[in-house]
Amino acid sequence: MGTRWLAQKEDLRQHGVSLAHDGRWETAVNPDTANPRFAGDEAGIRTTCPYCGVGCGLVVSRDDHDGIRVRGDDEHPANHGRLCSKGAALGETLGLDGRLLQPVVDGGEVDWPTALDTVSERLRNVIDKHGPDAVAFYVSGQLLTEDYYVANKLMKGFIGSANIDTNSRLCMSSAVAAYKRAFGSDSVPNCYEDLEQTDLVVLTGSNLAWCHPVLYQRLVQAKKQRPALRVVVIDPRRTASCDIADLHLPLKSGTDTLLFGGLLNWLDSQGLWDKAFVERHTQGLDETLAQARWYAPSIDAVAAQCGLDAAAVERFFTWFGETERTVTLFSQGINQSSSGTDKGNSIINCHLFTGRIGKPGAGPFSITGQPNAMGGREVGGLSNQLAAHMDLENPAHRDLVSRFWRAPSLAQRPGLKAVDLFRAVECGEVKALWVMATNPAVSLPDTEQVRRALAKCECLIVSDCVAETDTLSHAAIRLPALGWGEKDGTVTNSERCISRQRAFLEPPADSRPDWWILTEVAKRMGYPGFDYEGPAEIFAEHACLSGFENDDERDFDISGLSALDEPGYARLKPQQWPLPQTRSPGTARLFSDGRFFTANGKANFIAITPRPPAHHPDQAYPLVLNTGRVRDHWHTMTRTGKSPRLSAHTSEPFVALHPQDAADVGLRDGQLATVISAHGEATLRVQLTDTQAVGQVFAPIHWNDQFASAARIGSLVNPAVDPASGQPEFKHTPVRVMPYRAQWHGFLLTRHGLVPHQASYWSKIRRDGLWHFELAGDAAPENWADSVRVQLGEVDGNVEWREFNDSTQRNYRAARIVDGRLDSLIIIGPTSDLPPRDWLVKLFQREQLTDQERHGLLRGTPPKGQEGGGKIVCSCFSVGVDTLNKAIREQGLDTPEAIGEALNAGTNCGSCVPELRRLIAEQ
């Protein structure tokens, strides 16, 4: 590999670490399959967070107890040292439990040569029999740019099919399509500083406070420093982001194009346009205005169609019209729609009309959801793209890439987009599928169809770093990939900033980098051009391609980084593209010169015909399901599910609905409910809240078969897609909600992770040193005591049982104490009789239980002075709601700042501040 790596090898040998050699990839291997080993410099390793698209910089070092410490990087331009609750808890997620550490073929562990030979042979057999389009890759915004680049080069360049798509199709492909229609390129024009330099921020389809917390905190700080800065939140829900909103527009789901079309029409009627900019730098205005006038003729008409107060609409229009520095920040609420591309263009139209683009504090800003969704866009990760932001349907671009890669078999037409790809797998058109770093059996819409496809797939290969996912359960070949902290490469965040993700852990067992796995398969299949020695060489090729025959005709150009050698790549600091050889150090904003990447250099206004969502509520499915994220979890919980701290805030899958809708079907807060759509169903805990609009419900996307019995929200979501982008409509599925009639309820706290077989409903989260199960069942066992003892199994040591059971079998409580330590506790009974869990959870930290604690176990009643803190509100400092309410009440704390001074809550990432304000208001 490079000089830096070679220099480390002798030092690693001296510390007793063995070295494994496979092909050209040589690495230190950690033989301990239980604990990660820090392999970085004692001063710390600068790297990048693996969560959202903000791309926060981190410094990782060894702590005083030989563990691993993660802190924010003060020098990184994305976060300046800030971290959210997820980033702050990264050190808790690095354990090797649950990792995939050995290749598996047809159910048996094998060595790497056998696994690689099998993959290449099976892919070659499918191609020879059925052609290249019978093979597909489904990849991920969790991959590093170098991994992404090699996957696309292999599939599109040498296998010769464009059937490679990415889970980024699910989160930002509509924004890509909207930018390309307007600008001629997938160019995000803004930078994060615009949020601090603007006078008006319009948050539409974005719960920034929970989904991009560090950016939200930058906005909060800017508003504190300049109180005149206004924030408008456009969202059917009243989310945590509304905490700083000067105006909240809870529009009817799916009416965004009507709102922004109305804004465009109103701006025109008031003469609020940049005439010089529009006439010199744009085209297509007349048709666009004609459409807006027809569908959104007045403020009253817009308000009626969007379900909004006319005065509030007028206030928004007026603020937008009078504020030169306006940023419209949009995310999944805009993108995840069957008309998501049109929604994006309706926003861009308003910025073009007012000339608010390419200027400080102004522009239409799409915020991505994944850490490297932008890097995937750069290398052509979507099935309708080529590398370096080139177009697969452009013959000149195909010729250029073919010559650069020396790939005569380059794909000639776009491949299958995500939803269509899995339909093609189910019907047998795609015979071999390679899934990398993603979990489509959970994350795609209509997951029952996806699971049928995976089960039927002739050859399913999955590369992942974890041993068990809903997708892996179907795989014939499982390949152990490196995880965050072990792999080395680059990522690009939402503001086009390229950052290094550096390894600081020794690779465990037989795990390998994704780029290495791909190149070894490519070489075995006989393809040239894959003799890479490391990610630096791949990055250099990627950078060279971006500048190849590019005379400022394409937006993506990082050729200024193409000459980096291994040490230069190792030292690479965060930089924003474009980075052509003629310019340094990068570009904060695009289009400041008014020149766009269309044929004539002018931006396109796009005439919008508003379309309702694909499916409408009816008598069978009267409510609209909206899906999204919660504050402290991420995707399908493979990482955040390891952290007790992150699991404590939202501990169970839920459905949030308005009290009026709950009353209509006889639901109470905290009850279990079944949510049913035309595609599937889920069992979820009810949360009643007036932050939900009447007629709409919300459920988080994270839970899956590893963490709950029936909480896959993807099984409910309809598979309708945007015709331009192929992005699914996750934000609007008609459903009905009804009570789940269980015979019994309870919970289990145990040091063992086995799912109780008595339960027809269960969910689990990790707590410190134990698993916490919430349970319910359709039928009770004949004898709870016998059933529980069989379930928990035998353990070594001095075992003490404490038990209570009534003759009806409706109430049962038991505790198993082993050598004086609490090992397991189960309590079954009516939901109203179940005690709080927080004190009982704390008892598992005791080396020995006291007599008082033993006596209170089955009652769930703590001795005086040992009360729990209640449900966690502040994850960073583990501060619970009971602790907060007591302090607010007894100490008179009346601001989040006062709470922070007394209890630290809200002083780290700030994500809990909206909840602190709510608690103060309630008290």
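## Helix H22, a lone glutamate and some salt bridges

Pro 535, Ala 536, Ile 538, Phe 539, Ala 540, Glu 541, His 542, Ala 543, Leu 545 and Ser 546 are the buried residues of H22. Buried here means under 20% relative accessible area, exposed means over 50%, and partly exposed is what falls in between, using a 1.4 Å probe and protein chains only. Helices (H or I, at least four residues) and strands (E, at least two) are DSSP runs, numbered from the N terminus.

Before going on, some housekeeping: this is a predicted model, where local features need pLDDT of at least 70 and side-chain atom pairs count only at pLDDT 80 or more, while totals for chains, interfaces and linings use all residues. Residues are numbered from 1 along each chain as its sequence is written, and side-chain values use heavy atoms, with hydrogens and water left out.

Back to H22, then. The helix runs over residues 535-547 and spans 19 Å from first C-alpha to last, close to the expected 18 Å (that expectation is 1.5 Å times one less than the number of residues). With 10 of its 13 residues buried, H22 is mostly covered. Just past its end, Glu 549 has a positive phi of about 50°.

Where does Glu 495 sit? You'll find Glu 495 in the loop between strand S21 (489-492) and strand S22 (497-501). Glu 495 is buried but has no salt bridge, and the nearest side chain of opposite charge, Arg 218, is 5.5 Å away. (Lys and Arg count as positive, Asp and Glu as negative; His and the chain ends are not counted.) A salt bridge needs a side-chain nitrogen of Lys or Arg within 4 Å of a carboxyl oxygen of Asp or Glu. What Glu 495 does have is a side-chain polar atom 2.8 Å from the backbone nitrogen of Tyr 192. Beyond four places in sequence, its contacts (heavy atoms within 4.5 Å) are Ala 78, Asn 190, Cys 191, Tyr 192, Phe 365 and Gln 576.

Elsewhere, the salt-bridge count comes to 53. Here are some of the pairs:

| Pair | N to O distance | Separation in sequence |
|---|---|---|
| Asp 199 and Arg 226 | 3.0 Å | 27 residues |
| Lys 224 and Glu 897 | 3.8 Å | 673 residues |
| Asp 256 and Lys 343 | 3.1 Å | 87 residues |

Asp 199 and Arg 226 both come from loops: Asp 199 from the one between helix H6 (194-197) and strand S10 (200-204), Arg 226 from the one between helix H8 (213-225) and strand S11 (230-234). Asp 199 is partly exposed at 32%, and Arg 226 is partly exposed at 28%. Lys 224 belongs to helix H8 and Glu 897 to helix H30 (residues 896-903), with Glu 897 partly exposed at 47%. Asp 256 is in helix H9 (residues 256-269) and Lys 343 in helix H15 (residues 340-354), so their bridge ties together parts that are 87 residues apart. Asp 256 is buried at 7% relative accessible area, and Lys 343 is buried at 4%. There's also a network in which Glu 448, Arg 451, Asp 470, Asp 705 and Arg 712 are joined by salt bridges that share partners.

How many disulfides does the structure hold? Zero, with a disulfide being a pair of cysteine sulfur atoms within 2.5 Å. For Cys 457, the nearest cysteine sulfur is that of Cys 459, 6.5 Å away; Cys 457 is buried at 11%. The sulfur of Cys 912 is 4.1 Å from that of Cys 874, its closest cysteine sulfur, which is too far for a bond. Cys 912 is buried as well, at 3%.

Technical notes
A polar contact is a pair of N or O atoms within 3.5 Å; within protein, one must be able to donate a hydrogen and the other to accept it, and residues adjacent in sequence count only if both atoms are side-chain atoms.
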